[in-house]
Amino acid sequence: MADEVVLLDFRASMFAMRARVALAEKGVKYENREEDLRNKSSLLQQMNPVHKKIPVLIHNGKPVCESLIIVQYVDEVWRDKAPLLPSDPYQRARSRFWADFIDKKFYVASRKLWGTQGEEQEAGKKEFIEALKQLEGELGDEPYFEGESFGFLDIALIPFYSWFYAYETYGNFSTEAECPKLIEWARRCMHRESVSKSLADPKKVYESLVNRV
């Protein structure tokens, strides 16, 4: 019997994009259900009763919540293709550390760029660029964060590339001028079909924020 896989999704969400990229890398066929985040479905509330947030991966009726946990789950369940996490325990720990950094520091700073104004926005821009530079330093001269192979940490960060246009427009700065190697990495990732088809259009992300703010 084939696996039944459903993804409760929202196109512009960088967290949902992570799940889409991971599933695409593994070649997993799934049903995509777009959620209206202002009017959440009963299925979403049932499958994620704690946070009531997307993405939620429903595999054979069982929910898996939180984007990074979903990516790890996908990697463990569909082992036969495109390993996402490194096999070495230390490298795995490193990838998880930086993915956690992205969610706790990078994402928090990014929200200040479009969600605040004045001094708070300027402080957010400074934090965001500083976090970008730290990530660029971690990338170094490698093609991907996992070295020669596209993997877990790349999936954790690449969805934010869809939001860079909005961040730059609100914050009045150039990501490429600040972190050229990181933009090279992002463009390299975009050549992968799993990424290009999974990421939201940057202009549409910006429009959704304009309508929201």
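**View 1. Division of the predicted model into domain 1 (5-77) and domain 2 (89-211).** The domain bounds come from an automatic or database domain assignment. The model is predicted: local features need pLDDT of at least 70, side-chain atom pairs count only at pLDDT 80 or more, and totals for chains, interfaces and linings use all residues. Residues are numbered from 1 along each chain as its sequence is written, and side-chain values use heavy atoms, with hydrogens and water left out. Taken over C-alpha atoms, the centres of domain 1 and domain 2 are separated by 21 Å.

**View 2. The interface between domain 1 and domain 2.** Here 15 residues of domain 1 are in contact with 24 residues of domain 2 (contact: heavy atoms within 4.5 Å). About 1,700 Å² is buried between domain 1 and domain 2, with carbon and sulfur atoms giving 65% of this area. Buried area is the accessible area (1.4 Å probe) that two parts lose on being put together, summed over both. On the side of domain 1, M14, R18 and V21 lose the most area to domain 2, together 33% of what that side buries.

**View 3. Polar pairs between domain 1 and domain 2.** Two salt bridges are counted between domain 1 and domain 2. A salt bridge is a side-chain nitrogen of Lys or Arg within 4 Å of a carboxyl oxygen of Asp or Glu. One salt bridge of the structure joins the side chains of R18 and D103, at 2.8 Å from N to O. The count of residue pairs in polar contact between domain 1 and domain 2 is nine (both at pLDDT 80 or more). A polar contact is a pair of N or O atoms within 3.5 Å; within protein, one must be able to donate a hydrogen and the other to accept it, and residues adjacent in sequence count only if both atoms are side-chain atoms. Helices α1 and α3 (67-77) each supply at least two residues of the side of domain 1 that touches domain 2. The largest share of that side, nine residues, comes from α1. Helices (H or I, at least four residues) and strands (E, at least two) are DSSP runs, numbered from the N terminus.

**View 4. The open sheet β2-β1-β3-β4 and helix α1.** Four strands make up this sheet, and their pairing is mixed (two strands pair if DSSP finds at least two bridges between them). Strands β2 (31-34) and β4 (62-65) are at the edges, each pairing on one side only. Neighbouring strands of the sheet are turned by 20° against each other on average, direction ignored. Helix α1 (residues 14-26) packs on the sheet and touches β1, β2 and β3; its direction makes about 155° with that of β1. Axes are lines fitted to C-alpha atoms, for helices over the stretch in contact, and angles run from 0 to 180 degrees between N-to-C directions.

**View 5. I58 and its partners in the sheet.** Strands β1 (residues 5-9) and β3 (residues 56-59) run antiparallel and are joined by four bridges. V6 stands opposite I58 of β3. Four bridges also join β3 to β4, and these strands run antiparallel. The bridge partner of I58 in β4 is P63. A hairpin is formed by β3 and β4, with two residues between them; N60 in the turn has a positive phi of about 50°.

**View 6. The salt bridge between R20 and D9.** The structure holds 15 salt bridges. In the pair shown, the side chains of R20 and D9 meet at 2.7 Å, N to O. R20 lies in helix α1 and D9 in strand β1, eleven residues apart, and the pair links distant parts of the chain.

**View 7. Backbone geometry in the loop between α2 (42-47) and β3.** Most residues other than glycine have a negative phi, and most peptide bonds are trans. K52, found in this loop, has a positive phi of about 55° although it is not a glycine. P55 is found in the loop too. The peptide bond joining I54 and P55 is cis, with omega about 0°.
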